[in-house]
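Here's a quick walk through a fold, written for someone who'd rather look at the model than read a long paper. Keep the structure open beside you as you go.

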Amino acid sequence: MSAREILDLAGAAGVDSRTRVLDLCCGSGGPALHLARQTGCRVVGVDRSSEAIHLARTSAEHQGLDRRATFIVAEALCPPIDA
C-alpha cells in the first residue's frame, strides 16, 4: 500500500485523534508511524521480530511519536494488549 492509500483507508474508517489502531505484523512501523503522524491516532504495532520492533521504537522516538505509537514483540495471533 502507498502512503496515500493508507490515509484513504484510514479516512474511510473514520480514524482520527480519538482512534486507537492495531497494526498486526507491523514490521519496522513505517505505515503505523505515518498514520499516527498524519491523523493523530494512537497506534499499537505488533510483530514477532524483535529487530523490527527495535527499529519501530527507535523511529517513533526520533519522530517524536513515542507517545502515540507503541510497539510490542509478540505473535499476531495472541497480541498482549487490552481491548
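What follows covers the sheet, the helices around it and a salt bridge.

**The sheet**

Bear in mind that this is a predicted model. At its heart, for our purposes, is the sheet: three strands, open, arranged in the order S1-S2-S3 and paired in parallel. S1 (20-24) and S3 (69-73) sit at the edges; each has a single partner strand, so one side of each has no neighbour in the sheet. Going from one strand to the next, the twist averages 15°.

Let's look at one of those pairings. S2, which covers residues 42-47, runs parallel to S3 and is joined to S3 by five bridges. If you want a spot to click on, try Val 44, whose bridge partner in S3 is Thr 70.

**The helices**

Two helices can be compared by how they lie against the sheet.

| Helix | Residues | Strands touched | Angle to S3 |
|---|---|---|---|
| H2 | 30-39 | S1, S2 and S3 | about 160° |
| H3 | 50-62 | S2 and S3 | about 165° |

So much for the sheet; what about H1 and H2, and at what angle do they pack? H1 (residues 3-13) meets H2 at about 60°, and the two axes are 10 Å apart. That angle makes H1 oblique to H2. The crossing of the two helices is right-handed.

Who does the touching? On the H1 side, the contact is made by Ala 3, Ile 6, Leu 7 and Ala 10. H2 brings Pro 31, His 34, Leu 35, Gln 38 and Thr 39. Sort the residues of this H1 and H2 contact by type and you get six nonpolar, three polar and no charged.

**A salt bridge inside H1**

The model has three salt bridges by the distance rule used here. One to look up is between Asp 8 and Arg 4, where the closest N and O atoms are 3.1 Å apart. Both residues belong to helix H1 and are four residues apart, about one turn of the helix.

Conventions. Residues are numbered from 1 along each chain as its sequence is written. This is a predicted model: local features need pLDDT of at least 70, side-chain atom pairs count only at pLDDT 80 or more; totals for chains, interfaces and linings use all residues. Side-chain values use heavy atoms; hydrogens and water are left out. Two strands pair if DSSP finds at least two bridges between them. Axes are lines fitted to C-alpha atoms, for helices over the stretch in contact, and angles run from 0 to 180 degrees between N-to-C directions. Contact means heavy atoms within 4.5 Å. Angles under 35 degrees count as roughly parallel, over 145 as roughly antiparallel, 65 to 115 as roughly perpendicular and the rest as oblique. A crossing is left-handed if the near helix is turned anticlockwise from the far one by less than a right angle, and right-handed if clockwise. Ala, Val, Leu, Ile, Met, Phe, Trp, Tyr, Cys and Pro count as nonpolar, Asp, Glu, Lys and Arg as charged, and the others, Gly among them, as polar. A salt bridge is a side-chain nitrogen of Lys or Arg within 4 Å of a carboxyl oxygen of Asp or Glu.
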